[in-house]
Amino acid sequence: MVLKIELLDSSKHIRSKFTCTEDSLDHYILKQSSQDLKKGVASVFVLVESSEMQVLGYYTLSAYTVEIANLDNTFAKKLPRYPVLPATLLGRLAVDSSQQGKGLGELLLIDALKKSYEVTKQVASLAVITEALNEKAVSFYTKYGFERFNREPMKLYLPMKSIESLCKSFDI
């Protein structure tokens, strides 16, 4: 099986069978993702097996701003005192239920972080932000160094410096 991650193309990627048991994530890839891509609201990346084009997983990236007051003081004190700062939003990340437990979530996350880090050379971003749907998702993200926001415990962030180190540790 040869896997690849690429920008969603609704004319070739098969989304109709995707299900991850989280209704909002299923609905998004089936009904909303191509519209968000067309309207420039989110970039949608899909994981497919190269010969079948069936979507096995996906994630979205968007521009975002974060209020400095929501960040951990240790991290925030190193930043300029602007009321909002640029970040990258990892809006959604899901793996088809038939593929869960095979490390594909990690593959998608690392790819999203790598893309986010590489883009900071052209468009500034201090961190990748995500909002977990449940505590299981929080555990997944904290495994990779994400930290919770001060005032919103389901929202997490990973500073670009940490992403740079993570990319080096994965040799990517």
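## A buried acid, E6

E6 counts as buried, at 17% relative accessibility. Here buried means under 20% relative accessible area, exposed means over 50%, and partly exposed is anything in between, using a 1.4 Å probe and protein chains only. Keep in mind that this is a predicted model, where local features need pLDDT of at least 70 and side-chain atom pairs count only at pLDDT 80 or more, while totals for chains, interfaces and linings use all residues. Residues are numbered from 1 along each chain as its sequence is written, and side-chain values use heavy atoms, with hydrogens and water left out.

## Salt bridges

So who does E6 pair up with? The side chain of E6 meets that of K4 in a salt bridge, 3.7 Å from N to O. To earn that name, a side-chain nitrogen of Lys or Arg has to sit within 4 Å of a carboxyl oxygen of Asp or Glu. As a rule, side chains of opposite charge can pair when their charged atoms come close. K4 is partly exposed, at 31% relative accessibility.

How many salt bridges does the structure hold? There are seven. Another one links the side chains of K155 and E152, again with an N to O distance of 3.7 Å. Salt bridges with shared partners also tie K4, E6 and K12 into one network. Back at the K155 and E152 pair, K155 is buried at 11% relative accessibility, whereas E152 is partly exposed at 31%.

## A pair along helix α3

Next up is helix α3, which covers residues 104-119. Helices here are DSSP runs of H or I with at least four residues, numbered from the N terminus. Both E118 and K114 belong to this helix, four residues apart, or about one turn. Their side chains form a salt bridge as well, at 3.7 Å from N to O. E118 is partly exposed, with a relative accessible area of 37%, and K114 is partly exposed too, at 29%.

## L113, tucked away

Is L113, also in helix α3, buried or exposed? L113 is buried, with a relative accessible area of just 1%.

Which residues does L113 touch, leaving out those up to four places away in sequence? The list is V128, F146, L158, I163 and L166, where contact means heavy atoms within 4.5 Å. Take I163 from that list: L113 and I163 are 50 residues apart in sequence, yet their C-alpha atoms are 6.5 Å apart in space.

Notes: Helix = DSSP H or I, 4+ residues; strand = E, 2+ residues; numbered from the N terminus.
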